[in-house]
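Please read this briefing with the sequence and the coordinates open beside it. It takes up two topics in turn, a helix and then a search for aromatic pairs.

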Amino acid sequence: MLGIIIATHGTLSDGLKNAGEVIMGQTERIETINLVSGQAVESIKDEVMDKIDALGTDDGIVILTDVAGASPYNQSLLALHELDDAKRRQLRVLYGVNLPMLLSTMNQQFLNQPLDQAVATILTETATSMGQWEMNSADNEDDDDF
């Protein structure tokens, strides 16, 4: 079963995990990492390594981070560089985590999808998860689009 690590600033990762489990139900193999104010940034790399060891890489791990180029993302990449090639090939780091991305990742876990197929699906589904509802004058008042 695919492993999931959510690494974010503040306690966003805990909130995302909680919301995901409210929607999808309790799940296994999801770990969170929170970078809190005053914490040494370098400690995130150690936490990532610990979570990877706890989950194991046999079925792959997706690390969901909040912002590309920010500390959780950078420290995740640094952790990957400390792994041997076999383990590194079983890990993917994604950025821009939001609830739809987590739900898609959890769904791929439930479906027991292979790592590369799971990541392709996650990125495709998440790319269409944002938008804006607009009311225009051509809408019929009887239509309920929400």
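What follows is a short set of points on a predicted model.

**Helix 1 and its surroundings**

- Helix 1 runs over residues 12–24, and for its 13 residues a rise of 1.5 Å a residue gives an expected span of 18 Å, which agrees with the 18 Å that separates its end C-alpha atoms.
- Within helix 1, the buried residues are Ser13, Leu16, Gly20 and Glu21; because these cover an arc of only 130° around the axis, they lie on the same side of helix 1.
- The partners against which the buried residues of helix 1 pack are strand 1 (3–9), strand 2 (30–35) and helix 5 (99–110).
- Gly25 follows helix 1, and the phi of Gly25 is positive, near 95°.

**The aromatic pair**

- When the whole structure is searched, 1 aromatic pair is found.
- This pair is formed by Tyr73 and Tyr95, whose ring centres are 5.7 Å apart and whose planes stand at 90°, so the arrangement is edge-to-face, given that planes over 60 degrees apart are counted in that way.
- Because Tyr73 belongs to helix 3 (residues 71–81) and Tyr95 to strand 4 (residues 91–95), the pair ties together parts that are 22 residues apart in sequence.
- Tyr73 has a relative accessibility of 17% and therefore counts as buried, whereas Tyr95, at 49% relative accessibility, counts as partly exposed.

How values were computed:
Residues numbered from 1 in each chain as written. Predicted model: local features only at pLDDT ≥ 70, side-chain atom pairs only at ≥ 80, totals over all residues. Heavy atoms only, no water. Helix = DSSP H or I, 4+ residues; strand = E, 2+ residues; numbered from the N terminus. Expected span 1.5 Å × (residues − 1). Buried < 20%, exposed > 50% of the residue type's maximum accessible area, 1.4 Å probe, protein only. Arc of directions from axis to C-beta. Contact = heavy atoms within 4.5 Å. Phe/Tyr/Trp six-rings, centres within 6.5 Å; stacked < 30°, edge-to-face > 60°.
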